[in-house]
Amino acid sequence: MPSRPSLFIVHITPELATVAKVGGLADVVFGLSRELAIRGNHVEIILPKYATLRLDHIFELHVVYQDLWVPWYDGAIHCTVFFGFVHGRKCFFIEPHSHDNFFNRGSIYGFRDDVMRYAFFSRAAMEFLWKAGKHPDVIHVHDWQTALVPVFLYEFYQPLGMTHPRVCLTIHNFAHQGVTGVEVLQATGLQRPERFFDGARLGDNKYPKALNLLKGGIVYSNFVTTVSPRYAFETKDQGQGFGLEPTLHLHHAKYGGVVNGIDYDVWNPEIDHQIPVRYGVDSIEGKYDNKRALRHRLMLADNEKPIVAFIGRLDPQKGLELVRHAIFYTLERGAQFVLLGSSPDDGINADFWNLKHMLNDSPDCHLEIGFDEDLSHLIYAGADMMLVPSRFEPCGLTQLIALRYGTIPVVREVGGLADTIIDKDYSHRPLHERNGYVFRDFDNAGLESALERAIACYRNHPDHFRELMKNAMRSDFSWNQPGQDYLNIYDYIREG
Ligand code: ADP
């Protein structure tokens, strides 16, 4: 293999596991940054210095830059920049000192001024690169929160002489775009509103009087990715782009999908210390000790039934009406059901609490409403099937983790689920590549068509089911391939 030059790559991101995590974006930056570093590249990460940072996961945290002044409205905000290692990753944390208190709050998101908070962070990160004399080969930004970075690069910093960096934007979910008004231009110094309200730049496709930060990111970046090829297609051509379809069409030549990897140091039944018995593809029996432990912990009956599980945010995106139907259908089909999930929405939580009370007496069902990473490991290890009936799913991590634990995914054919799960019965792919059950229609009949086949195979053809488990456990969704894909994209935009 020809050796490639080492690149200087900077991720500017609102989230990073394990110090500032809300969703999958945090895991992606964590996993991808390590893969890029292992391949000999110099990788740095820039984050806000949130009050909620897990400081116990940051090593050698210290101030590296005292006097960063970031232009804001007619003046500038003074910032301090810290440096520290997050599990070996080199991270810079920007702390602004102003009465806005942008990051000194109780949570990462959920504030009325979120757009202004991240517009400031994006400007501050670029000002830091410029003042510190850093000229990365590639700046990789994530979601609407940092989509203004390429706008600032090409509008402010390139004319000043920062001509080297190219920008890659990864969109983890199109549902959030940072739609806002003129004040963001006034605050960040983007003069001439008519230039930026233009539909060819940041002007929103639906509301002509609004600016759309994610759209600006698409227009100004050198390359745009989303987290699976199928989701790239659905957002551009199947009406799943939340209004950005025409923008994606216009920029289709620089748009593509890369399936996320998962971290096999964390999600691997052979070394997982959060499960009672470790096992691998050659010692699958160990899985059934975990099944017993799961039943014991959740007080389920110990019988010959398969366990169907659901783990996820209780968000309408995840197909909650199908989850609800699946609980009753599973019990009726003589199987057990385990759910682990929570929602920031009190109404949704209350619905699931009602369901839990309704099913309280069943020895075959347990609903755990809350967030519990520890328990999630035991469920991945102890369940037989993992249900993911999403309405839309940019990539999805639960099905990838389930595969590694030999827990057979039963998924809707959408987004990253369609790219990663191959139906056991209805596929043209070779038998050894088939790793789950897939259904197409978002309705009860669709769900039943896949779940019924999974339960019947478990019960009537245990040898086939075991082969499927082995296929699942052998699937490779490490960061190896996506790491290579991103490096190819970086090379492409550097040459372009
Ligand atoms: P999304 O990013 O849309 O929430 P993903 O499938 O990409 O969905 O990632 C979900 C991740 O969060 C998985 O690692 C899953 O195990 C974890 N998770 C979701 N809900 C819970 C919960 N209630 N308790 C523990 N882990 C959870």
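**Close-up 1. What packs over helix H12.** The cover over the buried residues of H12 includes helix H9 (286–298), S12, S13 and H13. Those buried residues of H12 are His377, Leu378, Ile379, Tyr380, Ala381 and Gly382. Keep in mind that everything shown here comes from a predicted model.

**Close-up 2. The shell around the ligand.** Some of the names from the previous view come back here. Strand S12 (307–313), strand S13 (336–342), helix H12 (373–382) and helix H13 (398–404) are the elements that each give two or more residues to the shell around the ligand. There are 17 residues around the ligand, and Gly23, Gly24, Phe371, Ser376 and Leu397 come nearest. What mix of residues makes up that shell? It divides into 6 nonpolar, 8 polar and 3 charged.

**Close-up 3. The annotated domain.** This view frames residues 301–466, which an unreviewed UniProt entry annotates as "domain: Glycosyl transferase family". Helix makes up 43% of the span and strand 19%. Pick out the end C-alpha atoms of residues 301–466, and you'll find them 23 Å apart.

**Close-up 4. Lysine 21 and its contacts.** Lys21 is listed under "binding site" by UniProt, again in an unreviewed entry. Look for lysine 21 in the loop between S1 and helix H1 (24–38). Is lysine 21 buried or exposed? With 16 other C-beta atoms within 10 Å, lysine 21 counts as partly exposed. Setting aside neighbours within four places in sequence, lysine 21 is in contact with Glu15 and Ala26.

**Close-up 5. Alanine 26, over in helix H1.** Alanine 26 sits in helix H1 and is buried, because 21 other C-beta atoms lie within 10 Å and 20 are enough to count. Not counting residues up to four places away in sequence, alanine 26 touches Glu15, Leu16, Ala17, Ala20 and Lys21. Alanine 26 and glutamate 15 are 11 residues apart along the chain, yet their C-alpha atoms are separated by 4.7 Å.

**Close-up 6. A cis bond in the loop.** Alanine 17 and threonine 18 are joined by a cis peptide bond, with omega at about 5 degrees. Threonine 18 belongs to the loop between S1 and H1. For context, most peptide bonds are trans.

**Close-up 7. Helix H3 and its bend.** Helix H3 takes in residues 148–160, and at 1.5 Å a residue its 13 residues should span 18 Å; the end C-alpha atoms are 17 Å apart, so the two agree. Where does H3 bend? The spot is tyrosine 154, and the bend is about 40 degrees. Leu148, Val149, Pro150, Val151, Phe152 and Leu153 are buried in H3. Their cover includes strand S1 (8–12), helix H2 (114–131), strand S6 (138–142), strand S7 (166–171), helix H4 (183–188) and helix H6 (213–220). Just after H3 comes glycine 161, with a positive phi of about 125 degrees.

**Close-up 8. Two positive phi values outside glycine.** Most residues other than glycine have a negative phi. Aspartate 143 has a positive phi, near 60 degrees, and lies in the loop between S6 and H3. Aspartate 143 is buried, with 24 other C-beta atoms within 10 Å. Methionine 299 has a positive phi too, near 55 degrees, and is found in the loop between H9 and S12. Methionine 299 is exposed, with 8 other C-beta atoms within 10 Å.

Key. Residues are numbered from 1 along each chain as its sequence is written. This is a predicted model: local features need pLDDT of at least 70, side-chain atom pairs count only at pLDDT 80 or more; totals for chains, interfaces and linings use all residues. A residue is near a molecule or strand if its C-beta atom, placed from the backbone, lies within 6 Å of it. Helices (H or I, at least four residues) and strands (E, at least two) are DSSP runs, numbered from the N terminus. Ala, Val, Leu, Ile, Met, Phe, Trp, Tyr, Cys and Pro count as nonpolar, Asp, Glu, Lys and Arg as charged, and the others, Gly among them, as polar. The expected span of a helix is 1.5 Å times one less than its number of residues. The bend at a residue is the angle between axes fitted to the seven residues ending there and the seven starting there. A residue is buried if 20 or more other C-beta atoms lie within 10 Å of its own, exposed if 12 or fewer, and partly exposed in between; C-beta atoms are placed from the backbone. Two residues are in contact if their C-beta atoms, placed from the backbone, lie within 7 Å. UniProt positions are given in the numbering used here, feature names are shortened, and annotations may be inferred rather than shown by experiment.
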